[in-house]
Amino acid sequence: MTGVLDPKRQLLGGGPLLSSAFPDLATHQRRLGPVPWQGGPARLIGAVETSGLTGRGGAAFPTWRKLATVILGDRPVVVANAAEGEPASAKDRTLLLHGPHLVLDGLQLAAEAVGAATAYLYVAAGPAADSARRAIAERAERAGWDRLPVTVVVAPDTFIAGEESAVVAAIEGRPARPKDRTVLVSERGVRGRPTLVQNVETLAQLALLARHGPAWFRQRGTHTEPGTFLATVAGSVAAPGVYEVPHGIPFGSLVGRAGGPVGTPSAVLVGGYHGRWLPFAAELPISAPGAGVVAVLSTADCGLVETARIAGYLAGQSARQCGPCLNGLPRLAETLRRLAHGDGRPELVARVHRLTALTDGRGACRHPDGTVRMVRSALHVFAEEVDRHLAGRCGAVPCGAVPCGAAREGIR
Amino acid sequence: MSARLHVDRTRCAGRGACTELLPEILDRDPWGYPLAVDGAREPEVPAELEKHARRAVSNCPVLALRLHSNGG
């Protein structure tokens with residue numbers, strides 16, 4: 001799968017994206033050439049549609065459709081989104097650290113495709129932001145490399161900072177909180193302009209797609225989910241980290257890429273804290289990985305403890321704007337905590353179901369919905385574990401009893 | 001023509017005026033916030049209730065309600 005690459009790249013995963021990632025402009029130019037300008041707006045959109053590229057920030061929305069909506073408006077704005085508020089994810093940071101020019105090429109191409117007048121990079125503070133700033137400065141010194149200057153806006157370190165309307169708010173200088181929306185950001189976003197918010201991995205994929213074409217892009221992945229994606233593999237694996245793999249790769253192969261399992265895998269959380277739990281099945285192809293998080297739980301961990309911990313984190317990350325989210329999520333998290341830690345009252349399960357129904361779909365953003373999705377999948381996958389906990393036992397080895405000794409930080 | 005009721009959840013403070021004026025469409029959740037009886041994100045307002053819905057919109061003390069005509 002990997003070509004002739006240095007060992008560090010092998011560690012990173014070495015698919016087409018990461019093997020085209022170079023931190024400095026000179027190497028980037030030597031290996032990939034200049035920005036493959038398409039000669040005007042709209043020209044790239046057909047290729048993006050044929051490629052089947054979807055957004056890599058979590059929602060997997062077809063990228064061409066966003067482009068096609070934004071291009072219709074007046075002087076659009078483009079935003080490269082690297083907020084990466086998901087605690088289990090590291091791929092956007094990794095990408096910006098190792099291949100900022102790929103992301104910035106993609107941003108320029110997206111701007112060209114929609115005829116944008118303004119471009120931003122929205123990124124959390126840290127080494128990735130520093131790397132991006134260095135890259136932007138390098139490009140500014142090279143006359144004619146970029147056609148649009150890029151303004152860096154620092155994203156706060158919150159879970160919801162990367163939600164589209166929160167991104168718009170932050171760029172406008174307001175707190176990065178989601179807004180009630182009846183109009184799409186792609187129609188009316190930053191200062192009322194049509195705004196294209198794309199995850200940085202999506203833009204990097206776009207930069208390669210513009211160079212090599214949609215047929216090349218579709219060589220990897222599956223028919224319905226073409227291309228590679230950046231997986232952040234976390235939890236009970238020997239070498240947690242970011243790996244570039246094709247869509248449809250079996251879970252067992254991905255775990256193998258990440259150094260193999262530590263202990264016996266029992267379940268995986270796919271897509272991060274707003275994702276869904278699945279029983280671990282080595283042969284099962286990975287589909288709909290969201291923002292690419294695959295967190296592996298082993299038989300030494302307790303899925304309920306882990307779920308309660310994540311729900312507690314998510315409750316704390318509510319923007320505290322919408323009543324059902326503000327009231328529902330903390331109660332949901334507390335109920336799960338009691339269930340996980342051995343308050344064996346059977347009505348707790350019914351209470352979880354009632355609270356998920358009361359919060360699902362009842363916020364301005366999808367924070368309650370994502371939390372509910374994760375919790376519901378947990379009750380399904382860990383159904384036997386729920387029964388054990390209600391009877392005062394825990395299936396985690398060597399825990400065996402509640403309050404649960406497996407309450408360590410299993411997945412990060 | 002029917003319409004849909006939109007609640008701006010970031011504004012809604014759970015005062016309950018809408019749930020009193022539109023019990024056919026809105027219930028109250030345990031914390032006092034409007035809960036669509038049909039479970040929809042934006043519940044349908046049938047033509048015969050549109051007048052009541054407009055009253056709910058104009059009586060919301062925090063201006064959190066809006067009425068959209070379908071397809072508009």
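**Helix packing and strand pairing in a two-chain predicted model**

In chain A, helices H13(A) and H15(A) are roughly parallel to each other, because angles under 35 degrees count as roughly parallel. The model described here is predicted. Helix H15(A) covers residues 367-381. The two helices pack at an angle of about 20°, and their axes are 10 Å apart. The crossing of H13(A) and H15(A) is left-handed. On the H13(A) side, A:Pro324, A:Cys325, A:Gly328, A:Leu329, A:Leu332 and A:Leu336 take part. They meet A:His367, A:Pro368, A:Thr371 and A:Val375 in H15(A). By class, this contact has 7 nonpolar and 3 polar residues, and no charged residues.

Helix H13(A), residues 323-340, also packs with helix H12(A), residues 303-316. Their axes come within 8 Å and cross at roughly 160°. H12(A) and H13(A) are therefore roughly antiparallel to each other. H12(A) passes H13(A) in a left-handed crossing. From H12(A), the contact draws on A:Leu304, A:Val305, A:Thr307, A:Ala308, A:Ala311, A:Gly312, A:Leu314 and A:Ala315. From H13(A) come A:Leu329, A:Pro330, A:Leu332, A:Ala333, A:Leu336, A:Arg337, A:Leu339 and A:Ala340. The contact residues divide into 13 nonpolar, 2 polar and 1 charged. A:Leu329, A:Leu332 and A:Leu336 of H13(A) are listed in the contact with H12(A) and in the contact with H15(A).

A further helix pair in chain A involves H5(A) and H7(A). Helix H5(A), residues 91-98, is mostly covered, with 6 of its 8 residues buried. The buried residues are A:Lys91, A:Asp92, A:Arg93, A:Thr94, A:Leu95 and A:Leu96. The axes of H5(A) and H7(A) come within 8 Å and cross at roughly 35°. H5(A) passes H7(A) in a left-handed crossing. A:Arg93, A:Leu96 and A:Leu97 of H5(A) make the contact with A:Pro127, A:Ala128, A:Ser131 and A:Ala132 of H7(A). Its residues comprise 5 nonpolar, 1 polar and 1 charged. A:Arg93 and A:Leu96 are buried, and each takes part in the contact with H7(A).

A:Gly126 lies in the loop between strand S2 (118-124) and helix H7 (127-141) of chain A. A:Gly126 has 14 C-beta neighbours inside 10 Å, so this residue counts as partly exposed. A:Gly126 and A:Leu97 are 29 residues apart in sequence. In space, their C-alpha atoms are 9.8 Å apart.

Strand pairing in chain A was examined around strand S7(A). This strand covers residues 265-270, and 6 of its 6 residues are buried, so it is largely enclosed by the rest of the structure. S7(A) runs antiparallel to strand S9(A), residues 293-298, and 5 bridges join the two. The bridge partner of A:Ala267 in S9(A) is A:Leu297. S7(A) also runs antiparallel to strand S8(A), residues 276-279, through 4 bridges. There, A:Val268 has A:Leu278 as its bridge partner. S7(A) and S8(A) form a hairpin with 5 residues between them. In the turn, A:Gly271 has a positive phi of about 95°.

Chain B contains an open sheet of 3 strands in the order S4-S1-S5, with antiparallel pairing. The edge strands are S4 (44-45) and S5 (65-69), each of which pairs on one side only. Strand S1(B), residues 3-7, is joined to S5(B) by 5 bridges, and the two run antiparallel. B:His6 has B:Arg66 of S5(B) as its bridge partner. Helix H2(B), residues 50-59, packs on the sheet. This helix touches S1, S4 and S5 of chain B, and its direction makes about 145° with that of S5(B).

The two chains meet through 13 residues of chain A and 10 residues of chain B. H13(A) supplies the largest share of the chain A side, 3 residues. By class, the side of chain A that touches chain B has 4 nonpolar, 6 polar and 3 charged residues. H13(A) thus appears in the contact with chain B, in the packing with H12(A) and in the packing with H15(A).

Note on methods. Residues numbered from 1 in each chain as written. Chains lettered and ligands numbered in written order. Predicted model: local features only at pLDDT ≥ 70, side-chain atom pairs only at ≥ 80, totals over all residues. Axes fitted to C-alpha atoms, helices over the stretch in contact; angles between N-to-C directions. Parallel < 35°, antiparallel > 145°, perpendicular 65-115°, else oblique. Left-handed = near helix turned anticlockwise from the far one by under 90°. Contact = placed C-beta atoms within 7 Å. Nonpolar A, V, L, I, M, F, W, Y, C, P; charged D, E, K, R; others polar. Pairing = 2+ DSSP bridges. Buried ≥ 20, exposed ≤ 12 C-beta atoms within 10 Å, placed from the backbone.
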